[in-house]
Amino acid sequence: MTWALDHLGVIASLTWRHTLLAGIPLLLGLLVAIPLGWVAHRVPALAPVTIVGTGLLYTIPSLALFILMPLVLGTRILDPINVVVAMTVYTVALLVRTVVDGLRSVPADVDAAATAMGFGRFRRLWQVQLPLAIPVIAAGLRVAAVSNVSIVSIASLIGVAQLGSLLTDGYNRAIAGELLTGIVAALLLALVFDLVVVGTARLLTPWRSP
Amino acid sequence: MIASVWSWLTDPANWRGAGGISSRLGEHLGYSAVVILIAAAIAIPLGLWSGHSGRGRWLISAANAARAVPTIGLLFATSLWLGPHVTGDLAFTVPSILVLVLLAIPPILAGAYAGVEAVDPAVRDAARGMGLTGPQVLRKVEVPLALPLLVSGLRSAVLQVVATATIAAYVGLGGLGRYLIDGLASGRYAVMAGGAVLVSGLALVADLVMAALQRLAASPGLLPPGRRKRRSDRPDAGPDPPHGTTVDVPAGQDREGSRTHRR
Amino acid sequence: MPRHLTRIVVGIAGVGLLASCGSGGDPLASSSTATSGTSTASGSSAGPIVVGSADFSESQLLAEIYAGALTAKGITATTKLNIGAREIYLKALQDGSVDLVPEYTGARAYYYDNTFSETDPDKVYAALQRLVPAQFTLLTKSAAEDNDSINVTKATADKLKLSSIADLAAVAGDLTLGAPPEFQTRPQGIPGLAKTYGVTFKTFRPLKGQQLVQALKNGQVDAANIFSTDPAIAANGFVTLTDDKRLFGSQNVVPLIAASKDTPAISAVLDAVSTALTTATLADLVKQVDVDKADPATVAKGFLTKGGLA
């Protein structure tokens, strides 16, 4: 506790970096997963390939992905971009299936009604399918958000500073307060991410609120 | 780069000996198996009980919330505080195994719980009506019906444990993670990339095995009526995720997990 | 556009906006970690000097000292600490992620030439001058030295009658060595022990920092490679085995800077720091960081103030 109080500035700045490293990939991943999921949904033959293919990305250990990114992207080894891209990959891996499930959850009669009203396929996606899929997509997004916050910590092993830096430093110098602070801060940040996703989903689906 | 990774992977000399790929692979499988067994022994009974009795739901919520704890922090904390109290080489394995077990429990717990909980109440009532006792309902009706979701939870746990066991190398555990940590420390990218390929490959194979198990678990005699029933029974199926219909989906437990969150 | 999706788009844009204007410009591109010395905007025309460090306390401390000394003289400096072992922070120096790192003469010379055999501090330094590629500039070395050292517990030393590394040759076949992972492949590490002393341990356990100290104390490893300035050696009564054949050579602290970033002003500041550092001072500073758990930046500041460098 004393450790945390003595280092509020450090904690705040690391938390902010952590937020960006976990949050930006969440948005990027969603933006990539929606078209991928939509294609997989529209062309059922592609669905297994897309879902399994992106799901496989999740089997790459995070540490390995972080380390290998500079070789793939040609970036410098300490670039935070490496972490952002790696986390985006994980987000996509988690969300494509979710988007497909979400689109599948749209009742066929609703979709048919929209078609009958003369909606084209993009207007249907934009105005009918995606809004109705929000609850399912949000559920997947919550998992991705929480897992992103946790995985980003590992980037401190490759010298990219965020809350995980408190963990590695606390461990290497055996400072219990610092280690605990890192854990609690990451936990609270995950909670905030979760609340933001839930809150946004609720705002976007006013017809579901009591 | 790819050539050097390939030559590292295919050099027979790298496969032999104490630090060789064969023994690292064996260690990795060994740790993962032990972890899954322990986690399953804890989480499956708990999840089944909770789903059957409708009690202890907070357990599932708590386990889900615990997923947000950064694994690496937990690993550091346990090895720092537990390590000195354990003698011999166990000082390196025990903390890591403990953390991996904690990591594996939530998906298994959620899978077991969601599996039983998703059983149609009518089916449960029918079983009771036929004179089955509570434990018999659980054993003869709920568990078979819950099996696909339960295995789905196990599958996700296996994937997580195999992938995360690599990080435990940082606190002295063996296994394939050694190639990542040691390769990183000594700047040998071929070793790191080779290690990454091995871990991913192992995770993939493990996932395929679990997928096959999952298919077996969904015995054809049980599933189709259950599916039909649940679908027609849910007029409100609207924008809600069709939990009951996604038993063949590996990420199923994730949504089940968040579903329990929402409640 | 329908209401809900408009909101999504607005929401995403909002978060993006928040992200981009939060801490001025592009926060992800900013290099300083939170623990770094703050930079002052005066002076320096060639952009800020980014000081990198390895993943152990002393290296972080030295990086903070360099950054603090530069900042005090009006040269903008930030830090990127805890990058990794030499093999990694060298890559960061090469690709321009960092401009300046604290180095150790012998280990760096070995890095370039693994047949390197000089042991005298001045000769090692002179040799390193020749070995360092033109893109880097080696500044003046300090008298302060921090060497690798093989340590055993008092009990082990008494039982096996060990006082020098050479004594290990007969018994190492039954012992476990603990050291940071990179020790396994470094020419001065396990290969060097075998070549120079004929010492080959039964097993090697890659560990570092406090965990390595704990492992030696608790008997999970029988011998450990711990930095000679590490306060844990004295605190735990470990016995450091003498390196009679000078396998570990001389390891004087020396700043290594990207040649394109070096200016006479910067050299002058860092030379003054190197002059002020001694092995005893360094050991004391490391003790403050590792034992008293003070922040490296704070300890660095204390040292600079006391020495009239800031």
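How many residues of domain 1 of chain C are in contact with domain 2 of chain C? Hi everyone, that's where I'd like to start today. Just keep in mind that we're looking at a predicted model.

So, the answer: on the domain 1 side of chain C there are 15, and they meet eleven residues of domain 2. To place these two pieces for you, the domain assignment of chain C puts domain 1 at 40-146 + 250-306, and domain 2 at 150-240. Take the centres over C-alpha atoms, and domain 1 and domain 2 of chain C sit 27 Å apart.

Okay, what does domain 1 of chain C bring to that contact? Two elements give two or more residues each to the side touching domain 2, namely α4 (105-112) and α11 (279-290) of chain C. Of the elements there, α11(C) gives the most, with six residues. If you sort that side of domain 1 of chain C by class, you get eight nonpolar, two polar and five charged residues.

Right, over to chains A and B. Here the contact takes 38 residues from chain A, and chain B puts in 39. On the chain A side, the helices supplying at least two residues each are α4 (62-73), α5 (80-104), α7 (121-152), α8 (164-172) and α9 (176-204). Which of the elements gives the most to the side of chain A that touches chain B? That's α7(A), with ten residues. And by class, this side of chain A has 27 nonpolar residues, along with eight polar and three charged.

That's my tour of the two contacts, so over to you for questions.

Methods: Residues numbered from 1 in each chain as written. Chains lettered and ligands numbered in written order. Predicted model: local features only at pLDDT ≥ 70, side-chain atom pairs only at ≥ 80, totals over all residues. Domains from an automatic or database assignment. Contact = placed C-beta atoms within 7 Å. Helix = DSSP H or I, 4+ residues; strand = E, 2+ residues; numbered from the N terminus. Nonpolar A, V, L, I, M, F, W, Y, C, P; charged D, E, K, R; others polar.
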